[in-house]
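Here's a quick briefing to read with the model open beside you. Take a look at the fold, then work through the points below.

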Amino acid sequence: MKYGPYLIHSSFLVRYRPVQSGAGARTHARADETVMARKINRLNARAVATITKNGRHADGGGLYLSISPNGGRRWVFLYRWHVKPTEIGFGSARDVTLARARELAGQARAKLAEGINPKDARGPSEGASFGECADRFIEAMRPSWRNGKHAAQWEMTLREYAAPLRRLPVDKIITDDVLSVLRPLWVAKPETGSRVRGRIERVLDAARAKGLRSGDNPARWRGHLDQLLPKRQRLTRGHHAAMSYAELPAFMTNLQARQATAALALEFAILAAARSGEVLGARWEEFDLDNAAWTVPATRMKAGREHRVPLSRRALKIAKAMHEARNGDFVFPGQRPGKPLSVMALEMVLRRMKIENATVHGFRSAFRDWAAECTHFANEVCEAALAHVIENKAEAAYRRGDLFDKRRKLMEAWAAYCAAPRAATVVAFRREL
């Protein structure tokens, strides 16, 4: 059917030209070839590697590099089938090269020319690698996860530790493939190995739910991998390596000699007895500097409840110093504009200081030990400072306040202890009722 200068085809919108003969026809043919050449192969390998703007970037002929807001990169082919816009994916741009994506797009266009829907012509796993399924699973689950750190951990483990699986068709993955990933981790890094196994299992379950694979899940533990891998030794409660509170004053003196943003963030986390994720995600809108208070929203708290933190004089001084040098919404900004410090920033401070057998989370344990052994503050005040959930349901039902004023005295005492000149200093306080 002719519409203006175009012919309406079942799959394409084609430029229409009246039939000509002789030199005129050859001229138009050359012109059409030039136009088509300009419309395909617009991208190159460097552009694919360096483009960061989210959205779709056309290579031509229906092939696009699609970049999600969080930086995910994948190939998609867009076309119309019976007037309906249709999309099929060719995999992650990390795993599928530009040349391969063009080859797949060419095959899809050939199917369309034959009157065949390329989506129907694909095999069950064609264009569905484990890497692509993993990326899509993370995007689907991201809104349900409490913070960006959790998503970043999923992305890192499935990109690095599960790298041997990423290029494999998702319906071809077998037990040996999973074991090749898990065996190097199972003894050397048991906690990491267990998490990687669970994440692989969930991706494969999601692929099965979408009809991309069938049969048993080769990453399942009970009744399967538990017969092939040694039982993992479970870590005991409080497994985060912690520095003794007696060593804190000397450590804090050395830490304050470092003026980097990450060092200030670590000191602030210790003084606030806060988790690293709470500090790294802190925004200025959460702070009331006039009243020395920081309110962490429920979305970033482990217990899913808003938590008010009274700031000691030293913690407030750090916050005000960062506010004077404010550069964006985050209290402790990273090197990338509009982004906070990386999830590993605080741990890297400890590594650079050559601190062994201690973790950032372990400073919360040091705080709790100090409060129990060196002060007379009530247990509920100390637990509230750590934002721990009250296990006794009856007590929790009657607890209305957050003991904020009493916690302010506790945090000021903690800051004073951390600033003590000698590690052996023990501070005693009267009981807070």
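Two strands pair if DSSP finds at least two bridges between them. Helices (H or I, at least four residues) and strands (E, at least two) are DSSP runs, numbered from the N terminus. With that in hand, one open sheet here has three strands in the order β8-β9-β10, with antiparallel pairing.

A word on where this comes from: this is a predicted model, in which local features need pLDDT of at least 70 and side-chain atom pairs count only at pLDDT 80 or more, while totals for chains, interfaces and linings use all residues. Residues are numbered from 1 along each chain as its sequence is written, and side-chain values use heavy atoms, with hydrogens and water left out.

**The chain overall**

- The protein chain has 18 helices and ten strands.
- Of its 433 residues, 39% are buried (under 20% relative accessible area, with exposed over 50% and partly exposed in between; 1.4 Å probe, protein chains only).
- Take the contacts (heavy atoms within 4.5 Å) between residues at least 6 apart in sequence: 57% of them join residues at least 24 apart.
- The chain's accessible surface comes to about 24,800 Å², and carbon and sulfur atoms account for 52% of that. Accessible areas come from the Shrake-Rupley method with a 1.4 Å probe; for residues, only the protein chains shown count as cover.

**The four-stranded sheet**

- This open sheet runs β4-β5-β6-β7, and its pairing is antiparallel.
- β4 (55-60) and β7 sit at the edges, each pairing on one side only.
- Ignoring direction, neighbouring strands are turned by 30° against each other on average. For angles like this, axes are lines fitted to C-alpha atoms (for helices, over the stretch in contact), and angles run from 0 to 180 degrees between N-to-C directions.
- β5 (residues 63-67) and β6 (residues 73-81) pair in the antiparallel sense over five bridges, and S66 stands opposite R74 in β6.
- β6 also runs antiparallel to β7 (residues 84-92), with eight bridges joining the two.
- If you want to trace that β6-β7 pairing, W75 has G91 in β7 as its bridge partner, and W81 stands opposite K84 in β7.
- The hairpin of β6 and β7 has two residues between the strands, and H82 takes a positive phi near 55° there.

**Helices around that sheet**

- Helix α3 (residues 98-113) lies across β4, β5, β6 and β7, running at about 15° to β6.
- Helix α5 packs on the sheet too, touching β6 and β7, and its direction makes about 115° with that of β7.
- α5 (residues 130-141) also packs against helix α9 (residues 190-209), at an angle of about 95° and with their axes 9 Å apart.
- That makes α5 roughly perpendicular to α9 (65 to 115 degrees; under 35 is roughly parallel, over 145 roughly antiparallel and the rest oblique).
- On the α5 side, F130, C133, A134, F137 and M141 make the contact; on the α9 side, I200, R202, V203, L204, A206 and A207 do.
- By class, the contact of α5 with α9 has ten nonpolar, no polar and one charged residues. Here Ala, Val, Leu, Ile, Met, Phe, Trp, Tyr, Cys and Pro count as nonpolar, Asp, Glu, Lys and Arg as charged, and the others, Gly among them, as polar.

**The three-stranded sheet and its neighbours**

- Back at the β8-β9-β10 sheet, the edge strands are β8 (287-288) and β10, each pairing on one side only.
- β9 (residues 293-296) and β10 pair in the antiparallel sense over four bridges, and A293 has P310 in β10 as its bridge partner.
- Helix α18 (residues 404-418) lies across β9 and β10, running at about 45° to β10.
- Helix α15 (residues 362-374) packs against α18 at an angle of about 105°, with their axes 11 Å apart, which makes α15 roughly perpendicular to α18.
- In that packing, A366, F367 and W370 in α15 meet L410, M411, A413, W414 and Y417 in α18. By class, the contact has eight nonpolar, no polar and no charged residues.

**A serine to look up**

- S312 lies in the loop between β10 (307-310) and α13 (313-324).
- Is S312 buried or exposed? S312 is buried, with a relative accessible area of 2%.
- Not counting residues up to four places away in sequence, S312 touches M411, E412 and A415.
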